[in-house]
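The following exercises concern one molecular structure. Please study the sequence and the model before reading the solutions.

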Amino acid sequence: MTTVRAPDDDALLDALLHDAVGYFIDCARADNGLVPDNSRPGAPISIAVVGFALSVYPVAVAHGWLRRTEAVTRTLAILRFLAASDQSGSPDATGYRGFYYHFLDPDSGRRVWRSELSMVDTALLIAGALTARQYFDGATADEASLRELADALYRRIDWRWAQNGGSTIMQGWKPECGFLHYGWEGYNEALVLYVLALGSPAHPIHAGGYGAWTATYQWENLYGHDFLYAGPLFIHQFSHAWIDFRGIRDAFMREKRCDYFENSRRATEVQREYALRNPLERAGYGGNVWGLTACDGPGDFANARGITGRRFFGYAARGVPFGPDDGTLAGWGAVASLPFAPEIALAAVRDMRDRYREMVPGGRYSSAFNPGIDCDGHPWTSAGAFGLDQGIVAMMIENHRSELIWRLMRSCPYVRAGLRRAGFRGGWLQRDTRARSPGIRR
Amino acid sequence: MPDRFVEPEAEAQRLANVHSSGWRNPAPVGCYDLVVIGGGPAGLVAASDAAGLGARVALVERKALGGTCLNVGCIPSKSLIRTARLYGDWHFASRYGGRSPGDVTVDFAALMARMRRIRNRISRGDSAERLRDAGIDVFYGSAAFAGPDSIDVPDARLNFRRALVATGARPDTAPIPGLADAGFMTNETVFDLDTLPKRLLVIGGGPLGCELAQAFGRFGAQTTIAQDAPLFLPKEERDAAQLLSESLSRDGIEVRLNTTVVNVRVEEGEKRVDLVSDDYRSTLAVDAILAGTGRVPSVAGLNLEAAGVAYDAVGGVVTDDFLRTTNRRVYAAGDVCLEHRYTHTADASARIAVRNALAGGRARLSALTIPWCTYTDPEIAHVGLYVREARARAIPVRTFTIPMHDVDRAITDGEDRGFVKIHIREGSDRILGATIVARHAGEMINEITLAMVAGIGLRTLAKVIHAYPTQADAIREAAVAYERTLPAARARKLR
């Protein structure tokens with residue numbers, strides 16, 4: 001990136017990166033390597049968080065915070081567990097047809113909370129496995145084994161089954177009732193899911209699946225910005241943690257003379273603009289205080305305190321400009337927009353951190369805070385830390401500064417194949433990197 | 001309360017206007033230029049238009065003139081919605097800097113009496129006497145085709161040169177085990193209520209289900225609405241459906257999306273309803289159930305086979321784009337044959353059918369630009385194409401979105417949750433469609449409809465001065481947003 005940063009910005013980002021990576025180093029289980037959804041006692045494993053862990057370990061190695069052999073050990077533990085897991089699809093299995101239940105028991109690694117077999121969370125998990133596959137390219141037996149396992153896990157996912165005989169990929173499945181029908185239409189976080197599902201050499205989705213999904217896109221002019229509309233900020237960030245969308249375009253983006261990276265920059269601008277307008281007059285909102293996205297919320301706290309007058313949500317996808325907006329913001333949302341709009345994102349990161357120190361207890365972002373809810377003299381702040389938030393913070397800071405994850409995934413043949421099958425052309429995708437090392441610091 | 005004293009008289013007057021009591025069917029003339037089956041909006045418009053052209057016209061109505069709209073549809077529901085809006089405003093008085101009178105009690109009998117009074121007032125325009133005075137022979141009773149050019153009515157056979165089937169639609173109730181035994185209301189019976197149910201379940205999240213759920217919730221019924229799809233109003237813009245969900249929740253209505261009613265039973269004097277959402281089962285106890293908010297065409301008993309008129313149970317009477325059926329002498333209009341089952345489409349289709357049937361016209365149904373509105377609070381109105389429809393036709397679309405929170409009048413009115421979204425063809429200013437979510441979206445959408453019918457693009461709309469402050473100014477703002485994206489505007493900005 002070419003953005004000029006002040007020295008204190010580098011120090012700030014270093015600290016945020018270190019603490020975010022630390023979540024995975026600190027919270028991963030020693031036996032199966034799995035990582036909990038959040039740091040609260042009794043939290044289940046989230047397979048998406050495990051995907052972030054697999055992606056963040058290379059970052060930790062690159063910065064010298066984890067020995068390479070230790071990272072390989074941790075990664076292998078996860079991949080071996082997944083490979084040997086119960087894939088029968090029974091109500092207490094770990095997965096089915098290569099997909100995984102969203103939440104797992106930390107000890108047994110089996111399904112908990114009657115959670116769904118989650119297609120997009122499996123995609124984030126397997127994106128992490130492929131990141132590790134690309135990074136750990138050493139000749140040792142362990143690293144070779146790691147690559148084979150990651151490859152096998154990816155290949156065994158039956159993406160086509162997840163289309164349920166239709167065009168688009170279903171959001172989830174449960175053994176008790178089959179596929180879930182949540183009306184997953186419009187632009188959303190599934191971009192990386194479709195790329196991986198198209199790139200599979202074993203069970204790719206039908207070619208028309210991607211077109212069917214993008215057919216639900218809406219290109220909107222809002223607050224003076226033309227962009228592919230989606231309300232919650234995370235939708236514009238998560239797929240970008242792995243895939244470098246700069247300069248590559250599918251048919252939709254060619255039509256709009258844009259790309260998904262630029263689109264996320266505009267979405268960030270729209271978030272900021274919404275906070276400036278602050279139509280619901282929420283406390284604290286402003287040009288440097290924004291971040292309406294999927295995060296924890298004060299719903300239970302407000303109920304317990306008997307706070308009335310408006311509805312508060314728990315963990316929910318908040319968005320702009322039509323909400324839901326209960327005054328809850330995710331400070332990490334600005335960090336995750338660093339690569340797209342570094343100037344306004346950095347200003348927001350600094351300002352929010354200075355004004356609301358509570359949201360980064362011990363240097364690690366809490367999931368959310370709400371300046372409009374007084375909690376013993378401080379804004380309400382989500383307890384503990386969530387793995388998804390730490391993962392996106394770590395990956396986006398790293399991509400912003402070194403492009404490490406992007407370079408790894410640019411070299412991944414499955415990602416390249418998936419992008420091509422989705423109709424992406426141009427930019428780095430046109431260049432041949434087959435023989436090239438990703439050029440990363442090891 | 002004077003309303004209550006007026007009510008029996010009002011209802012009797014309405015029945016006298018639109019029902020058959022005391023009416024004597026005339027003796028048929030030899031051969032009618034047009035026989036219309038059905039005295040709802042399509043049938044009434046068709047009969048009047050045809051009579052206006054000098055045609056000999058007969059109209060056959062089975063039950064009540066005015067059809068669903070007048071008797072059990074738009075008119076009674078909008079009357080209740082107006083009262084519900086009043087209670088809603090009282091409930092949220094503090095939002096407007098007001099203070100609601102301490103104990104707002106709902107007088108259900110009074111609001112129902114008002115509805116019946118309004119229904120009677122409007123029914124005067126649809127009375128059999130008025131039709132007779134316009135030269136139309138009105139026959140009450142069931143109609144059935146006797147052949148390709150004749151229709152049997154009680155004690156008579158009507159011969160025709162042309163006929164129009166305009167029998168409308170009827171409530172469609174999903175076959176839920178136990179529902180019929182437990183008892184339920186439809187739109188045909190809900191307006192007969194004389195006491196407010198304490199606990200109400202509305203099955204179905206289509207327009208009528210959402211409208212009535214919100215109204216009854218605002219009247220104080222503990223209301224649950226169960227919808228088996230992920231969002232209400234499945235055909236509508238996703239943001240519109242989500243704003244509606246939030247609005248219903250704010251009104252205290254329990255929203256159950258992705259939820260299917262699988263069984264109903266009566267135990268201990270209450271209706272117990274089993275619900276399934278994915279793999280979660282629950283039971284809800286209620287006092288009343290409103291179902292059948294979907295509609296299916298009324299084709300039963302018409303003996304369409306005798307006339308060679310093709311139909312099916314779901315789509316109704318099959319017509320071509322000129323509204324002619326598979327019998328060249330027989331046309332159809334309104335809910336019995338249309339995808340869009342609204343009073344205004346019934347009206348418009350009836351005019352097309354009459355012109356084509358009697359005046360040799362070649363007017364096409366597909367040429368109509370049809371707006372519609374769901375009268376919840378906020379209202380949800382749409383016209384033209386949705387983005388997904390345009391994209392399915394490979395039309396590049398660009399949408400100009402103005403949130404109502406950017407519209408001064410919406411802010412002053414405390415009605416700033418919603419939006420205007422206008423879809424245009426990329427590279428032009430041609431309007432393809434629009435969705436409006438606003439308190440008066442039904443009024444606002446007409447401007448867009450006019451622009452579409454007249455071929456007026458966004459550039460011209462940007463030049464139309466709108467009275468300030470009005471909520472419809474959002475439409476001008478969208479047009480101005482478009483204008484700002486034009487290269488010339490950018491160049492000016494740079495200078």
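Three exercises with worked solutions follow.

This is a predicted model, in which local features need pLDDT of at least 70 and side-chain atom pairs count only at pLDDT 80 or more, whereas totals for chains, interfaces and linings use all residues. Residues are numbered from 1 along each chain as its sequence is written, while chains are lettered from A and ligands numbered from 1 in the order in which they are written.

**Exercise 1.** Determine how α4(B) and α8(B) cross, and which residues make the contact.

*Solution.* Begin with the axes, which are lines fitted to C-alpha atoms, for helices over the stretch in contact, with angles from 0 to 180 degrees between N-to-C directions. The axes of α4 (residues 74–91) and α8 (residues 207–219) of chain B come within 8 Å and cross at roughly 45°. Therefore α4(B) is oblique to α8(B) (under 35 degrees counts as roughly parallel, over 145 as roughly antiparallel, 65 to 115 as roughly perpendicular, the rest as oblique).

Next, list the contact (C-beta atoms, placed from the backbone, within 7 Å). From α4(B) come S77(B), L80(B), I81(B), A84(B), Y87(B) and G88(B), and from α8(B) come L208(B), E211(B), L212(B), Q214(B), A215(B), R218(B) and F219(B). By class, these residues are eight nonpolar, three polar and two charged (Ala, Val, Leu, Ile, Met, Phe, Trp, Tyr, Cys and Pro are nonpolar, Asp, Glu, Lys and Arg charged, and the others, Gly among them, polar).

**Exercise 2.** Describe the open sheet of chain B and the place of α8(B) on the sheet.

*Solution.* First, establish the order: four strands of chain B form an open sheet, β10-β9-β8-β14, with parallel pairing (strands pair if DSSP finds at least two bridges between them). The edge strands, each pairing on one side only, are β10 (254–256) and β14 (288–290) of chain B. From one strand to the next, the twist averages 20°.

Then examine one pair: five bridges join β8 (residues 199–203) to β9 (residues 222–226) of chain B, and I203(B) stands opposite A226(B). Finally, α8(B) packs on the sheet and touches β8, β9 and β14 of chain B, its direction making about 165° with that of β9(B).

**Exercise 3.** State how many residues each chain gives to the contact between chains A and B, and which strands pair across it.

*Solution.* Chain B gives 28 residues and chain A gives 25. On the side of chain B, α9 (238–250), α12 (387–392) and β21 (397–403) each give two or more residues. Strand β8 (residues 219–222) of chain A pairs with β21(B) in the parallel sense over two bridges, and N221(A) stands opposite F400(B).

Notes. Contact = placed C-beta atoms within 7 Å.
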